[in-house]
Amino acid sequence: MVFGFFKRRQREQAAYALYGALVAQSRQPEFYLHLGIADTVDGRFDMIALHAALVIRRVQGQPDDGPPTAQFLFDIMFADMDRNLREMGVGDLSVGKHVKRMAKAYYGRAAAYEEGLQGDEETLIAALTRNLYRKSEPEPWQVAAIAAYVRRSAELLAQQDHQALAQGTMTFAPLAGFLAPPAAGRPSDPQE
């Protein structure tokens, strides 16, 4: 019984650390300044949802601790969304409806990103365009750069040690190589 409590506490702590890391990555100014993501509440939610989908996808693949940690991560994310909505002045009676809509939006995005990662580049680009750029007209290189970043981040997450993830440690693809249109003859997917 006591060991179950400690195991649960470890999973919860890992999920908090993972959530903090994915939110920090989602807030990188380069996404908004260079890659055309709208610096709005919706744009920031979309970036958190994208990174959460990548992390949850990876964590669920961990033996034993994966699914419970992924569930903790999901719960923490939506508790944070609830808190943020309240801080923005959304009334108590409508917060639940907003959170429910956000959860539904997250599930749709996560499924689309998974399909894109399992499929070809056009499928991933279509999912990213539909979700990240739905209210804007990005440059084609920006969408291609985000797609390359997402694919590379998924690869890096897949290579990361189970124990490090259980401790809440993870690494995304470095943004530096994705911030400008590809020059003639330069590959569009840096492998840094």
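By the distance rule used here, eight salt bridges turn up, a salt bridge being a side-chain nitrogen of Lys or Arg within 4 Å of a carboxyl oxygen of Asp or Glu. The model is a predicted one, so local features need pLDDT of at least 70 and side-chain atom pairs count only at pLDDT 80 or more, while totals for chains, interfaces and linings use all residues. Residues are numbered from 1 along each chain as its sequence is written, and side-chain values use heavy atoms, with hydrogens and water left out.

As for the overall fold, the protein has eight helices and zero strands, where helices (H or I, at least four residues) and strands (E, at least two) are DSSP runs numbered from the N terminus. The radius of gyration comes out at 17 Å, close to the 16 Å that the globule rule gives for 192 residues, so the protein is as compact as a globular protein of that length. That radius is taken over C-alpha atoms, and the globule rule is 2.2 Å times the number of residues to the power 0.38. Along the principal axes, the C-alpha atoms fill a box of roughly 60 × 40 × 25 Å. Of the 192 residues, 44% are buried; buried means under 20% relative accessible area, exposed over 50% and partly exposed in between (1.4 Å probe, protein chains only). Among contacts between residues at least 6 apart in sequence, 66% join residues at least 24 apart, with contact meaning heavy atoms within 4.5 Å.

Back to the charged pairs. K135 forms a salt bridge with D42, their closest N and O atoms being 3.1 Å apart. This pair ties together distant parts of the chain, with K135 in the loop between α6 (121-132) and α7, D42 in helix α3, and their positions 93 residues apart. K135 is exposed at a relative accessible area of 68%, whereas D42 is partly exposed at 35%.

R151 and E121 also meet through their side chains in a salt bridge (3.0 Å, N to O). Here too the pair links distant parts of the chain: R151 sits in helix α7 and E121 in helix α6, 30 residues apart. R151 counts as buried at 18% relative accessibility, and E121 is partly exposed at 32%.

The bridge between R83 and D80 (2.3 Å, N to O) is a local affair, both residues lying in helix α4 (residues 66-87), three residues apart, or about one turn of the helix. An α-helix has 3.6 residues a turn, so residues three or four places apart point the same way. R83 is partly exposed at 41%, while D80 is buried at 14%. Elsewhere, D46, R109 and R134 are linked in a network of salt bridges.

R58, in helix α3 (residues 41-60), goes without such a partner. This arginine is buried yet has no salt bridge, and the nearest side chain of opposite charge, D161, is 7.1 Å away. For that search, Lys and Arg count as positive and Asp and Glu as negative, with His and the chain ends not counted. The R58 side chain does reach the backbone oxygen of Q160 at 2.6 Å. Leaving aside neighbours within four places in sequence, R58 is in contact with residues including L157, A158, H162 and L165.

Helix α7 (residues 140-159) has 20 residues and spans 29 Å from its first C-alpha to its last, close to the 28 Å expected, the expected span being 1.5 Å times one less than the number of residues. This helix is mostly covered, with 15 of its 20 residues buried.

Key
A polar contact is a pair of N or O atoms within 3.5 Å; within protein, one must be able to donate a hydrogen and the other to accept it, and residues adjacent in sequence count only if both atoms are side-chain atoms.
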